[in-house]
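Let's take a walk through this fold, one helix pair at a time. Keep the viewer open as you read.

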Amino acid sequence: MTYDAIYWLMLGAGFVVTGLVGILMMWKTEKLLLSFLAGTAVNIVLTAGAVWWWSSAFAGSEQQFSRMFGLFGLGVSFANNEVLLFFAQLIMKKKIGGDPAPDADA
């Protein structure tokens, strides 16, 4: 498997696993902060592992551009995962823990 394929698999796995953990926690606990922190922790662990792997795969001064380009992509992916996770959980919070429907008889 090429470095590019592994890189994209890591990006995809980070998105899927972060989302699953965060959304399942939100579904079970209905607590926005707790579920967001759990998803963030998973995202940090996966991104840190990907950063470590990418940096070690492209060590050396002659590969600095490839290393920096890949690390930039991982940083953008981390930020996007956090924003998507937060808004997905916020929408869930409004639907799950929102106010009850108004009484039609009143």
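What follows goes from helix packing to single residues and then to the nonpolar core.

One caveat before we start: this is a predicted model. Begin with helix α1, which covers residues 3–29, and helix α3, which covers residues 64–96. Their axes come within 10 Å and cross at roughly 20 degrees. Angles under 35 degrees count as roughly parallel, so α1 is roughly parallel to α3. The crossing of this pair, α1 and α3, is right-handed. Sort the residues in the contact of α1 with α3 by class and you get 13 nonpolar, nine polar and one charged.

Now swing over to α2 and α3. Here the axes sit 10 Å apart, and the packing angle is about 170 degrees. Anything over 145 counts as roughly antiparallel, and α2 and α3 are therefore roughly antiparallel to each other. On the α2 side, the residues making the contact include F36, G39, T40, N43 and I44. From α3 come, among others, L74, F78, N81, E82 and L85. By class, the contact of α2 with α3 splits into 12 nonpolar, 10 polar and two charged residues.

Two residues from that contact are worth zooming in on. Is T40 buried or exposed? T40 is found in helix α2, which spans residues 32–57. Its relative accessibility is 12%, and buried means under 20%, so T40 counts as buried. Setting aside neighbours within four places in sequence, T40 is in contact with E82 and L85, and both of those belong to the α3 side of the contact with α2.

Then there's N81, found in helix α3. With a relative accessible area of 7%, N81 is buried too, because the cut-off is under 20%. Which residues does N81 touch, leaving aside its neighbours within four places in sequence? They are G14, F15 and N43. Of these, N43 is on the α2 side of the contact with α3, while G14 and F15 lie within the residue range of α1.

Finally, look for the largest nonpolar core. It has eight residues: Y7, L11, A50, W53, W54, A57, F58 and L74. Helices α1 and α2 each supply at least two residues of this core, and the largest share, four residues, comes from α2. A50, W54 and L74 also turn up in the contact between α2 and α3. As for the core residue A57, its contacts are Y3 and Q63, not counting residues up to four places away in sequence.

Technical notes: Residues are numbered from 1 along each chain as its sequence is written. This is a predicted model: local features need pLDDT of at least 70, side-chain atom pairs count only at pLDDT 80 or more; totals for chains, interfaces and linings use all residues. Side-chain values use heavy atoms; hydrogens and water are left out. Buried means under 20% relative accessible area, exposed over 50%, partly exposed in between (1.4 Å probe, protein chains only). Contact means heavy atoms within 4.5 Å. Axes are lines fitted to C-alpha atoms, for helices over the stretch in contact, and angles run from 0 to 180 degrees between N-to-C directions. Angles under 35 degrees count as roughly parallel, over 145 as roughly antiparallel, 65 to 115 as roughly perpendicular and the rest as oblique. A crossing is left-handed if the near helix is turned anticlockwise from the far one by less than a right angle, and right-handed if clockwise. Ala, Val, Leu, Ile, Met, Phe, Trp, Tyr, Cys and Pro count as nonpolar, Asp, Glu, Lys and Arg as charged, and the others, Gly among them, as polar. A nonpolar core is a set of buried Ala, Val, Leu, Ile, Met, Phe, Trp, Tyr and Cys residues joined through side-chain atoms within 4.5 Å.
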